[in-house]
Amino acid sequence: MPKKSVTGQSWLSLINIDKVYSSDKQRQAFSLFTMIAIAIIVISMLVVFNYKVYSPILTTSLIAVNITLISGTFYFIKTAKLEMVALISMCIVFIMCVALTYTGGKENTALYWLMFYPVVCFASLGVKHGCRLGLGLLLCCSVILYGPDFGQVNYGGIEKSRFLASFTLVFIFSFIGEYFRHKSHLAIADITLAQTQDAYTDQLTGGANRRFITAHFLKLAAKTPENYLPFSILLLDLDYFKRLNDTYGHDFGDTVLIEFTKLLDSQFPNSAVKARYGGEEFVVILPKETAPVATKLADDFRQCVAKQAILTSDNKRVFITCSIGVAQVDDVDHYSRALKQADEYLYLAKEQGRNKVVSNHTGTL
């Protein structure tokens with residue numbers, strides 16, 4: 001079993017699975033705007049061909065629905081706020097359905113148009129809002145059909161009972177389909193997130209690995225540079241690590257790596273990204289920090305490491321040191337160049353006697 005350190009795991013919060021969630025958003029958006037497109041066409045035709053037959057309440061409601069749906073589409077294009085547009089659109093369609101039921105439409109055929117509502121509602125809004133609006137429409141229709149006379153149109157008894165039975169069945173099966181689809185989606189998302197986190201985790205120390213930096217963090221920084229740039233890179237290497245392995249054994253070497261990772265987590269801020277880059281080499285990225293500040297933080301850490309004793313299996317106290325190279329990144333595209341520069345400074349620190357910090361801003365500390 002690999003040894004793991006359950007220390008600060010703030011870097012895990014940076015891992016997202018946007019592709020999993022974006023595919024579901026695409027499904028919701030496709031369902032919603034397909035409904036909107038069909039609704040606009042159908043409503044426009046109904047108004048044009050039946051405005052002389054429809055009551056003024058129904059005609060006004062239909063026109064208001066079309067205007068709202070078109071406005072909502074443009075609002076989504078401008079803001080990409082899918083949930084808000086979907087909720088407003090389905091509420092407007094809700095009102096239209098109530099108006100249809102109340103007025104009867106043409107030759108009392110309005111009830112046929114209501115059957116699609118639960119399907120689209122669940123598909124575009126999900127379980128919670130779909131339930132609320134679907135049950136709300138069922139309740140309103142029941143009151144209109146079986147309640148006191150509010151001036152609504154009269155439907156036949158068989159027509160009313162068959163409509164409510166059919167609408168209820170559509171609602172139930174739409175609910176079942178969306179509920180279990182949602183549960184399956186969450187399960188897939190959890191599995192995907194766990195697999196992604198595992199792929200980005202160093203199995204010995206429990207911290208981030210090199211892949212996390214190159215495959216995830218840099219994309220995140222490029223997507224939202226205002227949250228990260230400029231950032232500083234600290235490339236750290238444990239001094240004489242091979243000698244420690246040869247003298248005290250590889251198990252002690254693993255312990256040193258784990259304890260060193262714990263120090264990284266405790267001594268650098270939570271916003272910093274700490275990763276094992278390979279072997280005894282680590283990298284720390286300090287978002288929104290320039291090289292001079294990062295160099296000072298690196299030297300404070302170097303001094304902290306030098307004061308820490310690590311116990312061997314026979315309780316012997318062993319002190320370790322590290323060498324650090326520091327470089328600054330002003331553009332994500334220049335990360336590789338900055339990393340190479342930090343590596344060169346790390347080599348200089350080793351060359352100058354180890355247990356040092358080297359940066360082009362302050363020289364050697």
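Q: Is the crossing in which α3 passes α5 left-handed or right-handed?
A: This is a predicted model, where local features need pLDDT of at least 70, side-chain atom pairs count only at pLDDT 80 or more, and totals for chains, interfaces and linings use all residues. Residues are numbered from 1 along each chain as its sequence is written, and side-chain values use heavy atoms, without hydrogens and water. Helices are DSSP runs (H or I, at least four residues) numbered from the N terminus; a crossing is right-handed if the near helix is turned clockwise from the far one by less than a right angle, left-handed if anticlockwise. The crossing of α3 past α5 is right-handed.

Q: At what angle do α3 and α5 pack?
A: Helix α3 spans residues 82-103 and α5 residues 127-146, with axes 10 Å apart. Axes are fitted to C-alpha atoms over the stretch in contact, and angles run from 0 to 180 degrees between N-to-C directions. The two helices pack at about 15°. That makes them roughly parallel (under 35 degrees), given this angle of about 15°.

Q: Which helix gives the largest share of the largest nonpolar core?
A: This core has 40 residues, and Met-90 and Met-96 are among those touching the most other members. A nonpolar core joins buried (under 20% relative accessible area, 1.4 Å probe, protein chains only) Ala, Val, Leu, Ile, Met, Phe, Trp, Tyr and Cys residues through side-chain atoms within 4.5 Å. The elements giving two or more residues include α1 (18-50) and α6 (157-199). The largest share, 10 residues, comes from α3.

Key. Angles under 35 degrees count as roughly parallel, over 145 as roughly antiparallel, 65 to 115 as roughly perpendicular and the rest as oblique. Buried means under 20% relative accessible area, exposed over 50%, partly exposed in between (1.4 Å probe, protein chains only).
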